[in-house]
2 protein chains.
Amino acid sequence: MIPQQVIEAKRDGLELSSADLEQFLVAYQAEEVAEEQMAAMLMAMYFRGLSPLELATLTDVMLHSGRRLDFTHLPGPCVDKHSTGGVGDKVSLILAPVVAELGAFVPMMSGRALGHTGGTLDKLESMEGFRTRMPLSQFREVVEKVGCAMIGQTPEIAPLDGRLYALRNVTGTVASIPLISASIMSKKLAEGLSGLVLDVKVGEGAFLPDKRDALILAQTMVALGAQRGLPVSALLTAMDRPLGIAVGNGLEVAEALECLRGGGPPELRELTVHLAAEMAAVCGLEADRAVARRRATAALTSGAALQRFARMVEAQGGPRGLDTGAEPCAAAPVCGEAPAERGGVIQRVRPRILGFGLISLGGGRTRRKQAIDPRVGFEILVRPGEAVERGQPLARVHVASNTDLERAREMVREAIVIGSEAPDPPPYPLVLDRVDSSGQGHETSSL
Amino acid sequence: MIPQQVIEAKRDGLELSSADLEQFLVAYQAEEVAEEQMAAMLMAMYFRGLSPLELATLTDVMLHSGRRLDFTHLPGPCVDKHSTGGVGDKVSLILAPVVAELGAFVPMMSGRALGHTGGTLDKLESMEGFRTRMPLSQFREVVEKVGCAMIGQTPEIAPLDGRLYALRNVTGTVASIPLISASIMSKKLAEGLSGLVLDVKVGEGAFLPDKRDALILAQTMVALGAQRGLPVSALLTAMDRPLGIAVGNGLEVAEALECLRGGGPPELRELTVHLAAEMAAVCGLEADRAVARRRATAALTSGAALQRFARMVEAQGGPRGLDTGAEPCAAAPVCGEAPAERGGVIQRVRPRILGFGLISLGGGRTRRKQAIDPRVGFEILVRPGEAVERGQPLARVHVASNTDLERAREMVREAIVIGSEAPDPPPYPLVLDRVDSSGQGHETSSL
């Protein structure tokens with residue numbers, strides 16, 4: 001195999017044979033194909049897309065590049081959820097203990113902040129002492145004992161994906177439907193799950209904002225799972241606005257805890273319950289989603305999920321007593337409000353601006369491995385379609401210094417657009433669509 | 001500047017500002033942009049092309065990445081020729097001394113074999129002792145004393161192009177009109193020339209086989225030169241067949257010498273004379289091309305160019321006495337004929353097959369810096385359109401061992417296609433078109 005000939009074939013729109021693509025990938029793992037050759041290949045794939053055969057080969061080679069976990073010894077199904085990434089999305093923290101309450105085991109492997117979006121690992125680490133890295137044996141122990149555990153991707157799982165992901169992140173080749181699909185599914189297939197639910201974000205705050213792209217992404221991933229015996233379903237959910245109120249690592253943990261204590265923003269609770277029911281269905285625990293939703297809601301209001309979350313946090317080295325009122329994270333030194341400069345109707349709350357704003361306030365990274373300030377962030381107090389009066393607070397900003405206060409207020413003014421009439425088009429419904437292994441999009445009404 | 005944002009902008013078809021592209025390139029030179037990021041950028045440029053502004057910026061940044069030579073102290077114009085690469089193209093060896101005879105100085109900087117094509121440096125080095133690397137001061141001395149000299153690209157000239165060229169060669173991003181144009185012109189603009197002639201190959205044996213692509217390439221390069229005050233003209237010439245008879249480094253040097261001794265294949269002599277006249281015109285030495293062609297022909301038949309070539313070879317450390325009958329290179333151990341398997345008319349003599357065949361016989365490289373056997377090669381005894389009888393020799397093959405003899409014969413049988421009627425379409429005319437700074441293609445008839 002001559003690497004540049006394989007790159008040229010892909011560049012020219014020819015379909016790579018399984019043998020050629022596999023050889024190319026294996027040679028990359030062996031460092032016989034250089035990073036720059038793989039970067040050129042990824043960009044060619046970005047432009048040309050992948051055929052079903054190429055997609056299957058890429059997924060399988062990544063999947064088999066590392067270990068596959070096995071949870072078959074556990075007395076219940078194993079299920080995970082993956083979100084394609086958004087702003088204010090703290091669902092995982094609430095969802096894992098809720099689904100464990102429903103009777104499944106939830107070995108959750110999450111990621112860090114990427115681009116303008118937040119990452120579950122960074123949120124978890126805003127709790128002092130919380131360990132998102134641990135040996136797989138210990139991860140399995142926590143899952144077995146508590147019913148759920150949350151860690152980062154380990155080098156044992158799909159290491160080829162780890163390398164390709166890092167490469168894509170610096171070479172402008174992230175936003176490709178087949179590359180995203182193969183990356184997510186190779187990792188999730190290696191987790192030894194009985195079922196998987198995908199939360200595919202739609203709207204300005206998503207990596208693929210367009211609904212059609214999101215639908216194709218969902219269908220692609222669902223099919224990849226089905227072909228390999230893993231039941232997968234996907235919900236397309238709104239990311240034309242942040243999810244919930246809090247944007248910022250510590251604030252989001254606090255909001256997740258509020259939700260586990262029976263409160264929290266209604267949309268956050270509703271999406272969590274929807275995803276929980278979907279997870280129960282997909283892993284064979286409860287086919288009737290209405291029943292599952294009622295049980296998930298009960299787990300939140302009864303405090304049962306809260307207790308389980310507290311046990312998980314303790315087991316992973318985080319603060320104790322979260323189920324008896326302890327606060328999970330430190331507060332920012334400076335807090336202030338950002339008032340509306342005019343009266344009117346909220347047109348949009350733009351997640352990308354808030355996401356990049358959070359980074360610029362120190363709550364995200366501009367370089368790899370940079371330390372972040374978990375205390376900073378925004379609480380967004382208004383929603384698209386709401387009427388506001390001049391001077392009414394649009395958001396509370398939590399920042400590290402007085403100098404940052406005015407900058408943060410400016411970000412809020414840019415992110416929250418006020419108009420005179422109802423927003424047109426109206427905001428997306430919370431759940432736009434559902435995709436399961438029949439391969440079809442199901443409109444919200446059928447949920 | 002965030003490198004991946006610049007890559008993404010190019011990927012999405014936006015025009016990069018001069019500032020952004022220059023920053024990206026300068027950061028790459030400073031190793032702050034990684035090889036893999038540049039590889040992704042080059043592939044995005046391959047797909048999206050370059051705007052005139054982007055092309056100008058790329059060319060200028062490469063040009064200014066190193067030194068610019070200055071030959072203004074010489075008592076005559078300085079002119080060079082660049083070929084886009086082909087099979088059997090030994091023109092440079094003959095052309096440099098001929099044009100020096102016409103009164104210009106020819107500081108020629110050439111390249112090595114690339115892909116299926118041969119390289120002037122490799123040909124020169126088949127003469128024992130010939131030095132293609134020397135300090136610029138010594139290069140200038142030879143040019144001044146002999147009138148012509150031939151070396152490889154030095155690290156002082158457009159070093160950024162050197163890095164990008166090596167990167168393109170392994171990442172499937174060679175065959176891009178703007179990238180080729182910027183690469184060639186940045187180097188040639190740094191040579192301090194009074195004029196430049198481009199030999200843009202057309203046909204199966206060229207990197208851009210299609211005539212329209214070759215025309216655009218020629219027009220692009222001519223315009224880049226004109227905008228920077230360098231008179232450039234281009235001839236589009238036939239590479240649907242090898243040029244001349246010899247294919248292989250030592251054989252090609254011998255054929256060049258034959259031509260300098262007043263003989264050689266007519267097409268080779270004709271193309272050399274055409275290019276010499278073009279060079280004389282472009283550097284202001286002789287505007288009347290017919291006069292220049294007569295003088296170039298005379299330089300070949302009189303032996304004047306031969307003597308100058310011999311002086312150059314001696315000055316660069318090669319064998320002495322080439323003007324008095326010495327042979328420049330050793331012969332291959334085994335030589336045999338490849339007979340026609342049927343009678344008929346030669347349809348095609350396929351240069352790519354012969355070029356790759358030469359590599360596989362040891363006369364070219366499959367890895368960088370690999371040693372090559374200068375003795376091996378083909379002498380192609382027939383031309384498209386010629387009638388042949390069964391058993392008539394199509395070629396003589398020169399190989400390293402008896403084992404290779406049959407392989408080489410097989411290559412000839414694959415490369416030389418025999419049919420029953422005249423080839424359709426007919427072979428290209430030797431010179432298809434001319435492009436000068438008026439930016440227009442001029443049909444052959446107007447030459």
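## Where chain B meets chain A

Let's start with salt bridges: across the interface of chain B and chain A in this predicted model, the rule finds 0 of them. Polar contacts are another matter, as 8 residue pairs, both members at pLDDT 80 or more, are counted between chain B and chain A. Looking at the side of chain B that touches chain A, you will find that α1 (3–11), α3 (35–48) and α8 (159–171) of chain B each give at least two residues. The biggest contributor is α3(B), with 10 residues. Sorted by class, this side of chain B has 9 nonpolar, 6 polar and 6 charged residues.

How many residues does the contact take from each chain? There are 21 from chain B and 21 from chain A. Together the two chains bury about 1800 Å², and 67% of that lies on carbon and sulfur atoms. Try finding Arg11(B), Glu36(B) and Phe47(B) in the structure: in chain B these lose the most area to chain A, together 34% of what that side buries.

## The domains of chain A

Now let's look inside one chain. Chain A is divided into domain 1 (3–48), domain 2 (79–326) and domain 3 (334–419). The centres of domain 1 and domain 2 of chain A, taken over C-alpha atoms, are 32 Å apart. Their contact takes 11 residues from domain 1 of chain A and 11 residues from domain 2 of chain A.

## Where domain 1 touches domain 2

Between domain 1 and domain 2 of chain A, about 1100 Å² is buried, with carbon and sulfur atoms giving 71%. Three residues are worth picking out here: Tyr28(A), Leu42(A) and Tyr46(A) supply 49% of the area that domain 1 of chain A buries against domain 2, more than any other three residues.

Here the rule does find 1 salt bridge across the interface of these two domains. You can also look for the salt bridge joining the side chains of Glu35(A) and Arg163(A), at 2.8 Å from N to O. Between domain 1 and domain 2 of chain A, 2 residue pairs are in polar contact, both at pLDDT 80 or more. On the side of domain 1 of chain A that touches domain 2, α2 (18–29) and α3 (35–48) of chain A each give two or more residues. The largest share, 7 residues, comes from α3(A). By class, this side of domain 1 has 8 nonpolar, 1 polar and 2 charged residues.

## How confident is the prediction?

The model scores ipTM 0.86 and pTM 0.87. For chain A the mean pLDDT is 94, and 98% of its residues reach 70 or more. Take care with residues 443–447 of chain A, where the pLDDT is below 50.

Key
Residues numbered from 1 in each chain as written. Chains lettered and ligands numbered in written order. Heavy atoms only, no water. pLDDT = per-residue confidence, 0-100. Contact = heavy atoms within 4.5 Å. Domains from an automatic or database assignment. Buried area = accessible area lost by both parts, 1.4 Å probe. Salt bridge = Lys/Arg side-chain N within 4 Å of Asp/Glu carboxyl O. Polar contact = N/O pair within 3.5 Å; in protein donor to acceptor, adjacent residues only side chain to side chain. Helix = DSSP H or I, 4+ residues; strand = E, 2+ residues; numbered from the N terminus. Nonpolar A, V, L, I, M, F, W, Y, C, P; charged D, E, K, R; others polar.
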